[in-house]
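Biologist: I'm new to reading structures, and I'd love a close look at one part that I can follow step by step. Could you start with a single residue, say where it sits and whether it is buried or exposed, and then lead me on to what else is worth finding?

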Amino acid sequence: MGLGPSLSRVKPSGKAGQFSGKHTFFLALSGQPVPDVEGFAAGDILAVSEKVDAEVGDLVVWGTPSDGDFALARVTDDYTFVAVAGFPSPSGQVIGESIQGVVVGRLRHLDS
């Protein structure tokens, strides 16, 4: 695996863990996200809802669930996808590639 960003499923500890459930899962961001307006950093944890419909402007998680590879994209005005943080955009050419959910929250460790 390269130095670029990657997402992996996690179960957050503490109070955030209570939100894990049948239709909500969490992904941890690792590697080196490309700096952009999203402001992602390694260690961020994203709450993803499988029950929320994606709307214009939403940040979505897409991928192929069979291999567990996930990426982030932003929904544009014409319902296409723009890559964020150095992840690729969905191509529509890979069998099983689909939107896995909408990012509904972000957890970040605070530096003291």
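Modeller: Happily! Let's begin with Asp 44, which is buried, because its relative accessible area is 1% and buried means under 20%. Keep in mind as we go that this is a predicted model. To find Asp 44, look in the loop between β2 and β3, where β3 covers residues 45–49. From there, you can jump across the chain to Leu 7: the two residues are 37 apart in sequence, and their C-alpha atoms are separated by 9.7 Å.

Next to Leu 7 in the numbering comes Ser 6, a good second stop. Ser 6 belongs to strand β1, and it counts as buried because its relative accessible area is 13%. What does the side chain of Ser 6 make a polar contact with? Its partner is the side chain of Ser 30, at 2.9 Å. Strand β2 covers residues 24–30, so follow that strand back towards its other end and you will meet an aromatic ring.

That ring belongs to Phe 25, which forms an aromatic pair with Phe 70. The structure holds one such pair. Its geometry is tilted, with 6.2 Å from centre to centre and 35° between the planes. The pair also links distant parts of the chain: Phe 25 is in β2 and Phe 70 is in β5, 45 residues apart. Both of these phenylalanines are buried. Phe 25 has another neighbour to look for, as Arg 9 lies over the face of its ring, 4.1 Å from the ring centre. You can see a similar arrangement at Phe 40, where the charged end of Arg 106 sits over the ring, 4.0 Å from its centre.

Now let Phe 70 take you to the largest pocket, which holds about 200 Å³ of space. It is lined by 15 residues, and Phe 70 is among the closest to its centre, together with Asp 69, Ala 71, Phe 87 and Pro 88. Strands β1 (6–10), β4 (59–64) and β5 (69–75) each supply at least two residues of the lining. By character, the lining divides into nine nonpolar residues, four polar ones and two charged ones.

Just before Phe 87 comes Gly 86, in the loop between β6 (81–83) and β7 (98–107). Gly 86 is partly exposed, because its relative accessible area is 43%. Its C-alpha atom is 4.8 Å from that of Val 34, although the two residues are 52 apart along the chain.

One more step back brings you to Ala 85, in that loop between β6 and β7. Here the backbone deserves a look: Ala 85 has a positive phi of about 60°, although it is not a glycine. Ala 85 is buried, because its relative accessible area is 0%. Tyr 79 has a positive phi of about 60° too, and it is not a glycine either. You will find Tyr 79 in the loop between β5 and β6. Is Tyr 79 buried or partly exposed? It is partly exposed, because its relative accessible area is 47%.

Notes:
Residues are numbered from 1 along each chain as its sequence is written. This is a predicted model: local features need pLDDT of at least 70, side-chain atom pairs count only at pLDDT 80 or more; totals for chains, interfaces and linings use all residues. Side-chain values use heavy atoms; hydrogens and water are left out. On a 1 Å grid over the protein atoms alone, a cavity is a set of points where a 1.4 Å probe fits but cannot get out, and a pocket is an open set with protein on both sides within 12 Å along at least five of seven lines; lining residues have an atom within 4 Å of a point. Grid points are joined across faces, edges and corners, and a volume is the space filled by probe spheres set on the points. Helices (H or I, at least four residues) and strands (E, at least two) are DSSP runs, numbered from the N terminus. Ala, Val, Leu, Ile, Met, Phe, Trp, Tyr, Cys and Pro count as nonpolar, Asp, Glu, Lys and Arg as charged, and the others, Gly among them, as polar. Buried means under 20% relative accessible area, exposed over 50%, partly exposed in between (1.4 Å probe, protein chains only). A polar contact is a pair of N or O atoms within 3.5 Å; within protein, one must be able to donate a hydrogen and the other to accept it, and residues adjacent in sequence count only if both atoms are side-chain atoms. Rings of Phe, Tyr and Trp (its six-membered ring) pair if their centres lie within 6.5 Å; planes under 30 degrees apart count as stacked, over 60 as edge-to-face and the rest as tilted. A charge sits over a ring if NZ of Lys or CZ of Arg is within 6 Å of the ring centre and within 35 degrees of the ring normal.
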